Amino acid sequence: MTIPNIVGAGLIVIGAGIGIGKIGGSAMEAIARQPEQSGKIQTAMLIAAALIEGIGFAALFAA
């Protein structure tokens, strides 16, 4: 593995972590505002986090 590939992989992991963190934080705020909708919010949050993680893995294999 070359240095640019290692740096690219690190940026991919950092970006995916930031994205999933923002989703989690926003979901917690939404649940605090509307607790009756927590099931729908959690479902949407998990789907979005899984998609971000999948894109991150695909990008790691492409790098």
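## Ala 58 in helix H2

Ala 58 has its place in helix H2, and in this predicted model the residue is partly exposed, with a relative accessible area of 46%. Although Ala 58 and Thr 2 are 56 residues apart in sequence, their C-alpha atoms are 18 Å apart in space.

Leu 60 also has its place in helix H2, where it counts as partly exposed at a relative accessibility of 31%. Once neighbours within four places in sequence are left aside, Leu 60 is in contact with Ala 9, Ile 12 and Val 13. Measuring from C-alpha to C-alpha, Leu 60 lies 19 Å from Gly 21, a residue 39 places away in sequence.

## The two helices and their spans

Helix H1 covers residues 3-33 and is made of 31 residues, and the 45 Å from its first C-alpha to its last is close to the 45 Å expected at 1.5 Å a residue. For helix H2, which runs over residues 38-62, the 25 residues should span 36 Å at 1.5 Å a residue, and because its end C-alpha atoms are indeed 36 Å apart, the expected and computed values agree.

## Buried residues and what covers them

Which residues of H1 are buried? They are Ala 9, Ala 16, Gly 19, Ile 23, Gly 24, Ala 27 and Ile 31, and H2 is included in what covers them. In H2 the buried residues are Ile 41, Met 45, Ala 49 and Gly 56, and here the cover includes helix H1. As general background, an α-helix has 3.6 residues a turn, so residues three or four places apart point the same way.

## The largest nonpolar core

The largest nonpolar core has five residues in all, namely Ile 23, Ala 27, Ile 31, Ile 41 and Met 45. H1 and H2 each supply at least two residues of this core, with H1 giving the most, at three residues. In soluble globular proteins, nonpolar side chains tend to be buried together.

Ile 41, one of the members of this core, is in contact with Ala 27, Ala 30, Ile 31 and Gln 34 when its neighbours within four places in sequence are left aside. Of these partners, Ala 27 and Ile 31 are listed in the core as well, and both are among the buried residues of H1.

## A nonpolar patch on the surface

Nonpolar residues are also found on the surface, where Met 1, Ile 3, Ile 6, Val 7, Leu 11, Ile 14 and Ile 18 form a patch with about 780 Å² of accessible area together. Is Ile 14, a member of this patch, buried or exposed? Ile 14 has its place in helix H1, and its relative accessible area is 52%, so it counts as exposed, the cut-off for that class being over 50%.

Definitions and conventions: Residues are numbered from 1 along each chain as its sequence is written. This is a predicted model: local features need pLDDT of at least 70, side-chain atom pairs count only at pLDDT 80 or more; totals for chains, interfaces and linings use all residues. Side-chain values use heavy atoms; hydrogens and water are left out. Helices (H or I, at least four residues) and strands (E, at least two) are DSSP runs, numbered from the N terminus. The expected span of a helix is 1.5 Å times one less than its number of residues. Buried means under 20% relative accessible area, exposed over 50%, partly exposed in between (1.4 Å probe, protein chains only). Contact means heavy atoms within 4.5 Å. A nonpolar core is a set of buried Ala, Val, Leu, Ile, Met, Phe, Trp, Tyr and Cys residues joined through side-chain atoms within 4.5 Å. Patches are made of residues with over 30% relative accessible area and no salt bridge: like charges are joined within 9 Å, nonpolar side chains (Val, Leu, Ile, Met, Phe, Trp, Tyr) within 5 Å. Accessible areas come from the Shrake-Rupley method with a 1.4 Å probe; for residues, only the protein chains shown count as cover. A salt bridge is a side-chain nitrogen of Lys or Arg within 4 Å of a carboxyl oxygen of Asp or Glu.
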